[in-house]
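Open the model in your viewer and keep the selection tool at hand. We will go from stop to stop, with a word at each on what to select and what is there.

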Amino acid sequence: MSKRDYYEVLGVSKSATKDEIRRAYRKLSKKYHPDLNKAADAEEKFKEATEAYETLSDESKKANYDQFGHAGPNQGFGGGGFGGDGFGFEDIFSSFFGGNTRRRDPNAPRKGNDLQYTMTIDFMEAVFGKETEIEIPKEETCGNCNGSGAKKGTSAKTCTHCSGTGEISITQDTPLGRMVNRRACHHCEGTGKIIPEKCSTCHGSGKVKKMKKIKVSIPEGVDDGQQLRVSGQGEPGENGGPSGDLYIVFRVKAHEKFIRDEDDIYLELGLSYPQAALGDEIQVPTVHGDVNLKIPAGTQTGTRFRLRGKGVKNVHGRGIGDQHVVVKVVTPKKMSEKQKELMREFAAISGNSPEEYSSSLFDKIKRTIKGE
């Protein structure tokens with residue numbers, strides 16, 4: 001099945017800004033996160049949204065995707081695009097210019113592959129950061145042969161089939177004339193070297209798979225879906241090249257009380273009818289600890305109080321968010337006879353009929369729907 005367009009997945013246009021792309025992803029990740037959504041297709045949709053975000057949030061990946069789509073820049077002539085016989089643009093180019101195209105040196109230093117690790121952390125760990133340690137499987141240079149792949153006391157030899165170039169040339173007669181097709185040497189697998197006696201530890205690869213512990217500093221304010229680059233902790237390089245990098249993608253667990261929206265925190269606060277009607281001063285939980293909050297008399301359900309600076313510190317150092325306390329007046333389900341008597345007395349004194357209360361509630365619902 002072909003992949004859906006990344007812009008379609010996130011529901012944004014091609015002209016969308018980074019912030020619009022991030023907000024769209026945040027909305028989808030919260031909707032389909034496997035910890036929150038137990039639907040059968042939730043995990044698949046979550047992965048699809050994450051893949052789209054990781055591409056569109058990276059400028060170079062986005063530019064590549066905008067130009068080539070899912071296929072990528074190297075798919076146009078791949079897989080033997082001219083009849084499936086293994087020669088393509090470079091072969092045609094080389095035939096016109098005498099076969100002097102620039103070839104990659106198989107013995108040149110090359111950077112190792114990057115690795116990705118998904119780390120699930122608690123809500124508070126994301127808010128305040130944490131020093132931790134992870135253990136991942138990764139390749140390392142073989143200590144027995146120091147990465148040569150050869151048995152101790154022996155060394156690799158130059159491949160006699162390709163003279164150390166890692167490539168062999170095959171001349172083909174085609175309707176366009178005689179073509180020179182270059183392929184990786186199958187005798188040395190493109191390395192330019194043959195190992196007569198292989199290392200007993202790595203069996204000639206020069207690398208071994210090990211579990212490695214890595215110290216990680218979870219940044220303060222990191223959010224779900226964001227990633228951290230740990231330089232040099234990827235796979236080892238080739239021929240003395242630098243190691244790749246490790247990318248840690250964070251998955252943040254939901255909190256039982258707090259809901260996060262970027263750097264702001266939202267909390268629903270239940271108030272009793274007397275507290276809302278008469279006012280009160282109460283303690284409200286925040287991620288930074290309890291704070292006092294004054295509730296004015298006559299507070300209604302849906303009233304929002306803003307606690308400045310009680311949100312999350314921005315992971316890029318751009319200030320700190322706020323906490324929004326949304327009030328919900330709780331109607332008692334069970335009352336004693338004394339409470340009922342007092343409520344009847346209150347109703348009699350207020351003089352409001354049930355019809356007036358219903359009309360007032362209906363008007364409030366209408367204003368909510370209209371966004372007033």
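**Stop 1: the cavity.** Begin inside, with the largest cavity, which has a volume of about 40 Å³. This is a predicted model, and the count of cavities of 30 Å³ or more comes to 1. Select R22, Y25, R26, Y53, D223, D224, G225 and Q226 to display the lining of the largest cavity. Which helix gives the largest share of that lining? Colour α2 and you have it: 3 residues of the lining come from this helix.

**Stop 2: a salt bridge at the lining.** Keep R26 and D223 selected, as both are among the residues that line the largest cavity. Their side chains meet in a salt bridge, with 1.8 Å from N to O. R26 sits in helix α2 and D223 in the loop between β7 (207–218) and β8 (227–230), so the pair ties together parts that are 197 residues apart in sequence. Are these two buried or exposed? Both D223 and R26 are buried.

Now add R260 and D263 to the selection. Together with R26 and D223, they are linked in a network of salt bridges.

**Stop 3: helix α3.** Next, select residues 42–56, which make up helix α3. Put a distance label between the end C-alpha atoms and you should read 21 Å; this agrees with the expected span, because 15 residues at 1.5 Å a residue should also give 21 Å. Show the side chains of A42, F46, A49, T50, A52, Y53, T55 and L56, which are buried residues of α3. Y53 will be familiar, since this residue also appears in the lining of the largest cavity.

What covers the buried residues of α3? Colour the neighbours one by one: the cover includes α1 (6–10), α2 (18–32), α4 (59–68) and β9 (246–252).

**Stop 4: from α4 to α2.** Two of those covering helices bring us to the next pair. Select E59 and K18, which form a salt bridge whose closest N and O atoms are 3.4 Å apart. E59 lies in helix α4 and K18 in helix α2, so the pair ties together parts 41 residues apart in sequence. Turn on the surface here: E59 counts as exposed because its relative accessibility is 59%, above the 50% cut-off. K18 has a relative accessible area of 49% and is therefore partly exposed.

**Stop 5: a link between two loops.** Select K111 and D245 for another salt bridge, with the closest N and O atoms 3.4 Å apart. The pair links distant parts of the chain: K111 is in the loop between α5 (89–96) and β1 (115–121), while D245 is in the loop between β8 and β9, 134 residues apart. K111 counts as partly exposed at 46% relative accessibility, whereas D245 is buried at 4%.

**Stop 6: the whole chain.** Finally, clear the selection and zoom out. In cartoon view, the protein chain has 9 helices and 15 strands. Of its 372 residues, 32% count as buried. The surface exposes about 23,600 Å², and carbon and sulfur atoms supply 50% of that area. Among contacts with a separation of 6 or more, 64% are between residues 24 or more positions apart. If you would like to go on with the salt bridges, the count comes to 19, including the pairs D223 and R26, E59 and K18, and K111 and D245.

Technical notes: Residues numbered from 1 in each chain as written. Predicted model: local features only at pLDDT ≥ 70, side-chain atom pairs only at ≥ 80, totals over all residues. Heavy atoms only, no water. Helix = DSSP H or I, 4+ residues; strand = E, 2+ residues; numbered from the N terminus. Buried < 20%, exposed > 50% of the residue type's maximum accessible area, 1.4 Å probe, protein only. Contact = heavy atoms within 4.5 Å. Areas by Shrake-Rupley, 256 points an atom, 1.4 Å probe, with all protein chains shown as cover. Expected span 1.5 Å × (residues − 1). Salt bridge = Lys/Arg side-chain N within 4 Å of Asp/Glu carboxyl O. 1 Å grid on protein atoms, 1.4 Å probe; cavity = no way out; pocket = protein on both sides within 12 Å on 5 of 7 lines; lining within 4 Å. Points joined across faces, edges and corners; volume = space filled by probe spheres on them.
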